[in-house]
Amino acid sequence: MKFLLILLFIPQVVFSQNQENNILLYNVGLGGITSGIGAVINKKNENWKRCFVRGFWQGSIGGLINYSSKKSIYLINKNNSFAYALPARLLNAAGNSIIQNAAANEPFLKNWNFEYAFLRVDFSTGSAKKIRVRVLPEAVIASGVALSKGKFDISTTLVTGIMSFKRKEVMRSERGIHDGVNYGRAFVYQDTSEKYLIVAHEIIHEFQYREYLVFNSWLQPAVANVKAPGLKNIFTKYLYPDVPYFGLFYMIEGVYQYPLLYRNYYEFEAERCATSKFVKVQ
């Protein structure tokens with residue numbers, strides 16, 4: 001139980017020369033444990049231990065794929081090209097699909113999803129209705145907030161799959177000065193010579209946001225009992241329940257200003273994956 005609490009709610013790592021191993025352990029562990037618990041929640045007349053083990057190993061595979069997708073993001077900064085964003089996004093979509101499918105206690109590799117800008121596409125290898133396209137409400141809301149901070153950047157949006165906005169000036173807040181700000185489904189970056197590093201960092205934050213959507217699978221039994229067919233129909237056909245769980249976990253980690261910024265695990269992971277270099281944590 002202590003390990004579960006550390007993994008899910010206080011994802012601190014031992015910041016040392018073993019940084020890479022810790023990030024790998026975190027991603028594999030997060031995928032495995034959340035999928036295992038979800039499989040137990042969604043079990044159907046099955047032994048809960050068997051469900052957990054099956055969900056755990058499947059989710060661990062998804063977590064490993066997620067780790068690989070994050071690791072590849074540094075190529076954006078290394079080669080000064082956003083062309084590496086879409087392949088990483090496809091890899092990340094595969095990892096999250098496996099995790100969410102395992103947490104729903106569905107047959108291995110049955111359900112898949114891909115998110116791009118403000119749309120989510122779900123497709124299945126085993127259902128009559130194979131494709132569903134729904135709007136991500138959080139992407140619409142986040143874009144509205146980001147638009148007040150910068151100019152819509154259609155080219156970066158197209159190549160990264162994330163609603164992107166740019167500005168010439170740095171951004172200032174009570175937390176200090178920022179060259180990039182992420183709102184979960186949209187981000188604003190300062191358009192400078194360092195833009196590839198900034199955008200790579202923000203892409204990792206969006207990947208982090210998406211991996212916590214596995215909790216929607218945990219809520220499936222409760223949603224099935226909702227007695228409002230009209231509301232259920234809206235979220236089944238038109239909107240995806242894009243709950244910003246990530247914001248809670250980010251706040252639990254603590255909000256710091258530079259040079260203490262990387263005490264927050266999610267900032268540490270984003271910087272490490274964006275640069276593929278040792279991150280000094282004070």
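Helices (H or I, at least four residues) and strands (E, at least two) are taken here as DSSP runs, numbered from the N terminus. The structure is a predicted model, in which local features need pLDDT of at least 70 and side-chain atom pairs count only at pLDDT 80 or more, while totals for chains, interfaces and linings use all residues. Residues are numbered from 1 along each chain as its sequence is written, and side-chain values use heavy atoms, with hydrogens and water left out.

Empty space comes up first. Rolling a probe the size of a water molecule over the atoms shows where such space is left. A cavity is a set of points, on a 1 Å grid over the protein atoms alone, where a 1.4 Å probe fits but cannot get out; its lining residues have an atom within 4 Å of a point. Grid points are joined across faces, edges and corners, and a volume is the space filled by probe spheres set on the points. The search turns up 1 cavity of 30 Å³ or more, and the largest cavity holds about 50 Å³ of space. Its walls are made by Asn-27, Leu-30, Gly-31, Thr-34, Gly-63, Asn-66, Ile-99 and Glu-211. Helix H2 (19–41) and helix H3 (48–72) each put at least two residues into this lining, and H2 gives the largest share, with 4 residues. Sorted by class, the lining has 2 nonpolar, 5 polar and 1 charged residues. For that sorting, Ala, Val, Leu, Ile, Met, Phe, Trp, Tyr, Cys and Pro count as nonpolar, Asp, Glu, Lys and Arg as charged, and the others, Gly among them, as polar.

Next come the nonpolar cores. Each is a set of buried Ala, Val, Leu, Ile, Met, Phe, Trp, Tyr and Cys residues joined through side-chain atoms within 4.5 Å. Buried means under 20% relative accessible area, exposed means over 50%, and partly exposed falls in between (1.4 Å probe, protein chains only). The largest core has 24 residues, and Tyr-212 and Tyr-266 touch the most other members. H2, helix H5 (85–103), helix H12 (245–253) and helix H13 (265–275) each supply at least two residues of this core, with the largest share, 4 residues, coming from H12. There is also a second, separate core of 19 residues, which includes Leu-197, Ile-198, Ala-270 and Cys-273.

H13 itself is mostly covered, with 11 of its 11 residues buried. Among the buried residues are Tyr-265, Glu-267, Glu-269, Glu-271 and Arg-272. The cover over H13 includes H2, H3, helix H4 (74–79), H8 and H12, going by contact (heavy atoms within 4.5 Å). At the N-terminal end of H13, Asn-264 acts as a cap, with a side-chain oxygen 2.9 Å from the backbone nitrogen of Tyr-266. After H13 comes Ser-276, with a positive phi near 55 degrees. Pro-259 sits in the loop between H12 and H13, and a cis peptide bond with omega of about 15 degrees joins Tyr-258 to Pro-259.

Two residues of helix H8 (residues 195–211) are worth a look. Tyr-196 lies in this helix and counts as buried because its relative accessible area is 19%. Leaving aside neighbours within four places in sequence, Tyr-196 is in contact with Ile-76, Asn-77, Asn-80, Ser-81 and Phe-82. A polar atom of the Tyr-196 side chain lies 3.5 Å from the backbone oxygen of Asn-80. Tyr-196 and Ala-274 are 78 residues apart in sequence, yet 9.1 Å apart in space, C-alpha to C-alpha. Arg-210, also placed in helix H8, is buried at 1% relative accessibility. The side chains of Arg-210 and Glu-115 are joined by a polar contact of 2.8 Å. A polar contact is a pair of N or O atoms within 3.5 Å; within protein, one must be able to donate a hydrogen and the other to accept it, and residues adjacent in sequence count only if both atoms are side-chain atoms. Not counting residues up to four places away in sequence, Arg-210 touches Arg-89, Asn-92, Ala-93, Asn-96, Gln-100, Asn-113, Glu-115 and Arg-185.

Two loop asparagines round things off. Asn-80, in the loop between H4 and H5, has a positive phi near 50 degrees and is partly exposed at 46% relative accessibility. Asn-105, in the loop between H5 and strand S1 (111–116), has a positive phi of about 60 degrees and is buried at 9% relative accessibility.

Conventions. On a 1 Å grid over the protein atoms alone, a cavity is a set of points where a 1.4 Å probe fits but cannot get out, and a pocket is an open set with protein on both sides within 12 Å along at least five of seven lines; lining residues have an atom within 4 Å of a point.
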